[in-house]
Amino acid sequence: MVVQWDLQNPSDGNLVAKLPNSIYSLLHLLDKKLLVVGQNYSGIHLIDYQNKKELASLQITSSYIFDMQSFRNDLVIASGDGMVTVVDLDKWIIKKIIKGSEKSARAISINPVKGEIAIGFSDNAIRIFSSDDFELKQEIKAHQNSVFAISYSPDGNYLFSGARDAKLKTWNVKSDYSLVHEVNAHMYAINHLTFSPDRKYLATASMDKAIKVWDAKDLRLLKVIDKGRHAGHGTSVNKLLWTSFNNQLVSASDDRTISAWDLLFL
């Protein structure tokens, strides 16, 4: 199911769509007021969430769809078969398929300043592609295990990555992606990371059930949100969304709950 929630009145969700298989990825096309839904084993669906209507669908893979991001008029999709698929959003056709790895493509981040797309893979590498022709520009042996989380800083100068090895790393984009910081951030895999709206802070979600908030400049730990301290999640925290609504951080977990946190210390 795809459900829409109102942070000002979060008690009741609004069912937007119901699909036959599990959904691992969503992408909000804000300018179009549409939602792309990545349904495992059955490709992608384009949803008019205001009218609760499916506009189009496209079979692109028989595997998991782990992440989707858009740039200009292209939709970039990372899937469990190691493929990176580029879809033309207007024509709704496959534009290019890239065999990135024999192992899963897990996470995508786009740098419009540099014209590059960074993709994390389960072969421990981050691969950098051109956003113009989608050709491979660079390969970074980044972690000791699968790269699950990746994001460029809002200014495009740094790339942040988190992995199954529980390490959080910062890479200098202008210096050929040289390593700047490395932190043993969690006890278990880092599943996702996101920036605060003011760009000063970074939050990470982990299989160790914790959410951690970091200073984006030096990866200094500022806050731990877990079950013991703040009645946090009871199992793996999988996704984060840092909203501009009262600076609330939204987290989703395997415990089937979604939590919204007021980060008053920031």
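Which ring does the charged end of Arg127 sit over? Phe121, with that charged end 4.8 Å from the ring's centre. Before I go on, keep in mind that this is a predicted model.

There's another arginine like that. Arg106 lies over the face of Phe66, and here the distance to the ring centre is 3.8 Å. Hang on to Phe66, since ring pairs link this residue with Tyr24, Tyr41 and Tyr64 into a cluster.

OK, on to the ring pairs themselves. A pair of aromatic rings gets described by how far apart the centres are and by the angle of the planes. With rings counted as paired when their centres lie within 6.5 Å, the count comes to five aromatic pairs. I'll walk you through two of them.

Take Tyr24 and Tyr64 from the cluster. Their ring centres are 5.6 Å apart and the planes sit at 5 degrees, so this pair is stacked; the cut-off for that is under 30 degrees. Now look at where they come from. Tyr24 is in strand 3, residues 23-29, while Tyr64 is in the loop between strand 6 (53-58) and strand 7 (65-71), so the pair ties together parts that are 40 residues apart in sequence. And are these two buried or exposed? In between, actually: Tyr24 is partly exposed at 43% relative accessible area, and Tyr64 is partly exposed too, at 31%.

The other pair is Phe160 with Phe195, and this one is edge-to-face, with 5.2 Å from centre to centre and 80 degrees between the planes. It also links distant parts of the chain: Phe160 belongs to strand 16 (residues 158-163) and Phe195 to strand 19 (residues 190-195), 35 residues apart. Phe160 is buried, with a relative accessible area of just 2%. Phe195 is buried as well, at 12%.

Let's head out to the surface. Met1, Val3, Trp5, Leu15 and Ile258 make a nonpolar surface patch of about 500 Å². Met1 sits in the segment before strand 1, which covers residues 2-4, and Met1 is exposed, with 63% relative accessible area.

One last spot to find on the screen: Gln50. You'll see this residue in the loop between strand 5 (44-48) and strand 6. With a relative accessibility of 52%, Gln50 counts as exposed, given that the cut-off is over 50%. How far apart are Gln50 and Val2 in space? It's 12 Å, C-alpha to C-alpha, with their positions 48 residues apart in sequence.

That's my tour, so over to you for questions.

Definitions and conventions. Residues numbered from 1 in each chain as written. Predicted model: local features only at pLDDT ≥ 70, side-chain atom pairs only at ≥ 80, totals over all residues. Heavy atoms only, no water. Phe/Tyr/Trp six-rings, centres within 6.5 Å; stacked < 30°, edge-to-face > 60°. Helix = DSSP H or I, 4+ residues; strand = E, 2+ residues; numbered from the N terminus. Buried < 20%, exposed > 50% of the residue type's maximum accessible area, 1.4 Å probe, protein only. Lys NZ or Arg CZ within 6 Å of the ring centre and 35° of its normal. Patch = residues over 30% accessible without salt bridge, like charges linked within 9 Å, V, L, I, M, F, W, Y side chains within 5 Å. Areas by Shrake-Rupley, 256 points an atom, 1.4 Å probe, with all protein chains shown as cover. Salt bridge = Lys/Arg side-chain N within 4 Å of Asp/Glu carboxyl O.
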